[in-house]
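Please open the structure in your viewer and keep the sequence panel beside it, ready to select residues by number. This tour goes from one stop to the next, saying what to select and what is found there.

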Amino acid sequence: MNERSKKKCRCCRKTLPVVQFHRLEGTAAIHPFCRPCLVTAARRRSARRAGQRTAKTRCCAQCGQDLPVQMFHWLRASGSFHSYCRPCHAAYMAERYRRLQAARRK
Ligand SMILES: [Zn+2]
Ligand SMILES: [Zn+2]
């Protein structure tokens, strides 16, 4: 593939010159999204993350209550809050521990 060849962006479906695409480092492969689409996607991602961080309450998947986000564990790895509130999470972990202990005793 030479520099003048074209490639269709998988995001906006426009056919653009390959120079409009990011080359994946260390490989001959080219990113399926064009540069403008990558920028838009990155911006949308960070906006969503910022929204999650500033949200005041969150609905617990276990007890169904809308609780302040301080009541949830922050999962740094996934960049979001845990779906269970702290009390539900603690109860879940205690229950799990009890089940494991019971299973071990058998
Ligand atoms: Zn595009
Ligand atoms: Zn809960």
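Begin with the zinc ion (ligand 1), whose site is tetrahedral, with angles of 102 to 118° among its four donor atoms; please keep in mind throughout that this is a predicted model. Now select Cys9, Cys12, Cys34 and Cys37, which donate to the zinc ion (ligand 1) through their SG atoms, lying 2.3 Å from it. If you follow these donor residues along the sequence panel, you will find them spaced C-x2-C-x21-C-x2-C. Keep Cys12 and Cys37 selected: Cys12 sits in the loop between strand S1 (6-8) and strand S2 (15-17), while Cys37 belongs to helix H1 (residues 35-54), so the pair ties together parts that are 25 residues apart in sequence. With a surface display switched on, Cys12 is partly exposed, at a relative accessible area of 29%, whereas Cys37 is buried, with a value of 10%.

Next, move to the zinc ion (ligand 2) and select Cys60, Cys63, Cys85 and Cys88, which coordinate this ion through their SG atoms at 2.3 Å. The site of the zinc ion (ligand 2) is tetrahedral, the angles among its four donor atoms being 100 to 125°, and its donor residues are spaced C-x2-C-x21-C-x2-C in sequence. Here, pick out Cys60, in the loop between strand S5 (57-59) and strand S6 (66-68), together with Cys85 in strand S8 (residues 80-85), a pair that links distant parts of the chain, 25 residues apart. As a last step, show the surface around this pair: are Cys60 and Cys85 buried or exposed? Both Cys60 and Cys85 are buried.

Terms used:
Residues are numbered from 1 along each chain as its sequence is written. Chains are lettered from A and ligands numbered from 1 in the order in which they are written. This is a predicted model: local features need pLDDT of at least 70, side-chain atom pairs count only at pLDDT 80 or more; totals for chains, interfaces and linings use all residues. Side-chain values use heavy atoms; hydrogens and water are left out. Donors are N, O and S atoms within 2.8 Å of the metal (3.2 Å for Na, K and Ca); water is not among the atoms, so sites may look incomplete. Four donors count as tetrahedral if all angles lie between 85 and 135 degrees; four count as square planar and six as octahedral if opposite donors are over 155 degrees apart and all others between 65 and 115; anything else is irregular. Helices (H or I, at least four residues) and strands (E, at least two) are DSSP runs, numbered from the N terminus. Buried means under 20% relative accessible area, exposed over 50%, partly exposed in between (1.4 Å probe, protein chains only).
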